[in-house]
Amino acid sequence: MTAPAQGGSAEHPFPVRAAAVRIAGWIDRLGSVWVEGQLTQINVRAQARTVFMVLRDPAADMSLTVTCNRDLVAAAPVPLTEGTRVVVYGKPNFYTGRGTFSLRVSEIRAVGIGELLARIERLRRLLDAEGLFDPRLKRPLPFLPGTVGLITGRASAAERDVTAVAAARWPAVRFAIRNTAVQGPTAVAQIVAALRDLDADPQVAVIVVARGGGSVEDLLPFSDETLCRAIAACTTPVVSAVGHEPDNPLCDLVADLRAATPTDAAKRIVPDTAAEQELLDDLRRRSARALHNWVTREQRVLAQLRGRPVLADPLSALTARADDVHRARAAIRRDITRLVAGETERIEHLGARLGTLGPAATLARGYALVQAVPADGTAATVVRSVRDAPAGTRLRIRVGDGALAATSEGSSDGE
């Protein structure tokens, strides 16, 4: 059975020196590379030929240790200070004595303003194409925010301007202040962290990102892609108050509102007490004047209505027509009386005619009505002929003052 190779098992480990030499060999095969970043530490030791620096990625929390010759730093195209953007050409190096990794630099180039502006313009077009600048996505600021989140440098003029002006305009305003770096390699990470912290606070109604003016290099963090996307992702309205009027970092375009200065931001986020009080007084005066005019107008309308005859003397129309009503009533009574009298007279005439033509008057003149009364008790019948009353027929004879009973003895001629 073949024994395991050295370093392949716990029984056959590599010594530290062997592992370090192998790692150094692997790294040495990587070759030289160009790297861009921001310088965050520059350690130039007296009498030392080697300068140690830290090169940091401005968009991520990552960095590399960089070493170079002292003469290379002295001959750099621009003074190398913390925050300087540079492009370096170096070879990865693993120092076996301490087990540390570094980038051994042989050339340093400064990133010029023109290149920085070109990169910002490319990023601007990218974000614009993604819709991060769309005005329809801008959220309105609350009229009176309960708490204002403020991200700015510690003890900065921007912080004093925002807090002092806002408090002068609305004394009850409250601030949740997050002090961060506003330039340099750590600014983006700190501002993004503060932004997320304030956005998660339900008491914060609006967030202000503020700093004073500065050079293009000083304002680079506010054109960083990570910060721009963090602002776009906020659910709380964000006001960008970075720099002064000529300055235009990309965060101004992403924010819901761009303020020209920190002082302008303070005026935008809270109303002015004096102006609002003046507005209320004006509205109160206008409403009182409008109400007075309305009441006066309605009083005139009521006076006009009361002045009309129909309302001044509601019974005048009836009084004016009272005589007509009385005459009409008299005429109606007269007509009715005349009609009743005429009808009464006509009825009397008809009654007299009826009495004259009736059987009672005829009987009163000596005539008689003879009726045959059947023996079976049926209704009596009028005798109109001698044949209707043969001998022995019971008769009832009605005269003017009553009726007589009789018996027929037959006709007088013997029939």
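In the predicted model, Leu257 is located in strand E10, which comprises residues 257-258. The C-alpha atom of Leu257 is separated by 8.7 Å from that of Ala241, a residue 16 positions away along the chain. Leaving aside residues up to four places away in sequence, Leu257 makes contact with Leu141, Val238, Val239, Ser240 and Arg268. Of these partners, Val238, Val239 and Ser240 fall within the range of strand E9 (238-242), and Arg268 falls within that of helix H8 (residues 262-269).

The contact between Leu257 and Leu141 leads to the loop between helix H3 (113-129) and strand E6 (147-152), where Leu141 is placed. With a relative accessibility of 25%, Leu141 is classed as partly exposed, because the buried class is confined to values under 20%. Beyond its sequence neighbours up to four places away, Leu141 touches Val206, Pro237, Val239, Leu257 and Arg268, so that Val239 and Arg268 appear among the partners of Leu141 and also among those of Leu257. The C-alpha atom of Leu141 lies 9.1 Å from that of Thr236, although 95 residues separate the two along the chain.

Helix H8, to which Arg268 belongs by its position, spans residues 262-269 and contributes Pro262, Asp264, Ala265, Ala266 and Ile269 as buried residues. The cover over these buried residues includes E6, helix H4 (157-169), E8 and strand E9 (238-242). Two of these covering elements, E6 and H4, are joined by the loop that contains Ala155. The phi angle of Ala155 is near 55 degrees, a positive value in a residue other than glycine, whereas most residues other than glycine have a negative phi. Ala155 is also exposed, its relative accessible area being 61%.

Strand E8 (204-211), another of the elements covering H8, is followed by a loop that leads to helix H6 (225-233) and holds Ser223. In contrast to the exposed Ala155, Ser223 is buried, with a relative accessible area of 8%. The side chain of Ser223 reaches the backbone nitrogen of Leu250 at a distance of 3.2 Å. When residues up to four places away are excluded, the contacts of Ser223 comprise Ile120, Leu123, Cys228, Pro249 and Leu250; Ile120 and Leu123 lie within the span of helix H3 (113-129), and Cys228 lies within that of helix H6 (225-233).

At the level of the whole chain, the predicted model contains 13 helices and 14 strands. A compact globule of 415 residues would have a radius of gyration near 22 Å, but a value of 63 Å is obtained for this chain, and the C-alpha trace spans about 195 × 90 × 35 Å along its principal axes. Of the 415 residues, 30% count as buried. Among contacts with a separation of 6 or more, 59% are accounted for by residues 24 or more positions apart. The exposed area of the chain is about 26,000 Å², of which 57% is supplied by carbon and sulfur atoms. The chain carries 52 positive and 46 negative charges, and the mean positions of the two sets are 2 Å apart.

Definitions and conventions:
Residues are numbered from 1 along each chain as its sequence is written. This is a predicted model: local features need pLDDT of at least 70, side-chain atom pairs count only at pLDDT 80 or more; totals for chains, interfaces and linings use all residues. Side-chain values use heavy atoms; hydrogens and water are left out. Helices (H or I, at least four residues) and strands (E, at least two) are DSSP runs, numbered from the N terminus. The radius of gyration is taken over C-alpha atoms; the globule rule is 2.2 Å times the number of residues to the power 0.38. Buried means under 20% relative accessible area, exposed over 50%, partly exposed in between (1.4 Å probe, protein chains only). Contact means heavy atoms within 4.5 Å. Accessible areas come from the Shrake-Rupley method with a 1.4 Å probe; for residues, only the protein chains shown count as cover. Lys and Arg count as positive and Asp and Glu as negative; His and the chain ends are not counted. The place of a charge is taken as NZ of Lys, CZ of Arg, CG of Asp or CD of Glu. A polar contact is a pair of N or O atoms within 3.5 Å; within protein, one must be able to donate a hydrogen and the other to accept it, and residues adjacent in sequence count only if both atoms are side-chain atoms.
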